[in-house]
Amino acid sequence: MASQLICSETQSRVSSVLNRDVKQFGKKFMFDCNEETCWNSDQGDRQWVLLEFPQSVKVSEVKLQFQGGFSAKACRLEGCRKDGNFTGLSQFYPEDNNCLQSFPIKEAPTVDKVKILFENSTDFFGRIIVYSLDIMGEKTS
């Protein structure tokens, strides 16, 4: 059965933060379960989120909640082993709304890192706003 893979030991990185204001718009707000806070990227195409898990995982689902008007039109999920190169795992197309959206991932290989690439944004300046991000799947040994 799938469970949440993001935990306190998961390391995360993001492409940018709006005005470098991590206190107000930092990456930690995607994982704090508070609907009032969010990660807000700076402007520019191809924003991304990188997650490194404390142990190997098999991803079965990505859950994202954007702010309407600042969502991605197309997303690409990539993964790799510890020292490997990223390869494409899935492509998905979110709707431009405020709802929590779920994207199943079919037959993903075992990975240690995943990267979600927001290939373009509904915002004219390319900003992405994510209120929550969760990765579901199984831990492997």
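Helices (H or I, at least four residues) and strands (E, at least two) are DSSP runs, numbered from the N terminus.

**Figure 1. Overall view of the predicted model**. The protein has one helix and nine strands. Along the sequence these follow the pattern β-β-α-β-β-β-β-β-β-β. The C-alpha atoms fill a box of roughly 40 × 30 × 25 Å along the principal axes. A compact globule of 141 residues would have a radius of gyration near 14 Å, and the protein agrees with this because its own value is 14 Å.

**Figure 2. Burial, surface and charge in the protein**. Of the 141 residues, 48% are buried. The exposed area is about 7800 Å², and carbon and sulfur atoms supply 45% of this area. There are 17 positive and 19 negative side chains, and the centres of the two sets lie 5 Å apart. Counting contacts between residues at least 6 apart in sequence, 77% join residues at least 24 apart.

**Figure 3. Close-up of Glu78 in strand β5**. Strand β5 covers residues 72-80. Glu78 has a relative accessibility of 14% and therefore counts as buried, the cut-off being under 20%. The side chains of Glu78 and Arg76 are joined by a polar contact of 2.8 Å. Beyond its neighbours within four places in sequence, Glu78 is in contact with Phe86, Thr87, Gly88 and Leu89, as well as with Lys113, Val114, Lys115 and Leu117.

**Figure 4. Close-up of Glu119 in strand β8**. Strand β8 is formed by residues 110-121. Apart from residues up to four places away in sequence, Glu119 touches Arg46, Ala74, Arg76 and Gln91. With Gln91, the side chain of Glu119 makes a polar contact of 3.1 Å. Arg76 thus appears in two views: Glu119 touches Arg76, and the side chain of Glu78 has a polar contact with the side chain of Arg76.

**Figure 5. Close-up of Thr37 in the loop between α1 and β3**. Helix α1 spans 22-25 and strand β3 spans 39-40, with Thr37 in the loop between them. The relative accessible area of Thr37 is 16%, so Thr37 is buried. A polar contact of 2.6 Å joins the side chains of Thr37 and Asp32. The Thr37 side chain also reaches the backbone oxygen of Asn34, at 3.2 Å. Residues up to four places away in sequence aside, Thr37 touches Phe29, Asp32 and Tyr131. From C-alpha to C-alpha, Thr37 and Met1 are 29 Å apart in space, and in sequence they are 36 residues apart.

Technical notes
Residues are numbered from 1 along each chain as its sequence is written. This is a predicted model: local features need pLDDT of at least 70, side-chain atom pairs count only at pLDDT 80 or more; totals for chains, interfaces and linings use all residues. Side-chain values use heavy atoms; hydrogens and water are left out. The radius of gyration is taken over C-alpha atoms; the globule rule is 2.2 Å times the number of residues to the power 0.38. Buried means under 20% relative accessible area, exposed over 50%, partly exposed in between (1.4 Å probe, protein chains only). Contact means heavy atoms within 4.5 Å. Accessible areas come from the Shrake-Rupley method with a 1.4 Å probe; for residues, only the protein chains shown count as cover. Lys and Arg count as positive and Asp and Glu as negative; His and the chain ends are not counted. The place of a charge is taken as NZ of Lys, CZ of Arg, CG of Asp or CD of Glu. A polar contact is a pair of N or O atoms within 3.5 Å; within protein, one must be able to donate a hydrogen and the other to accept it, and residues adjacent in sequence count only if both atoms are side-chain atoms.
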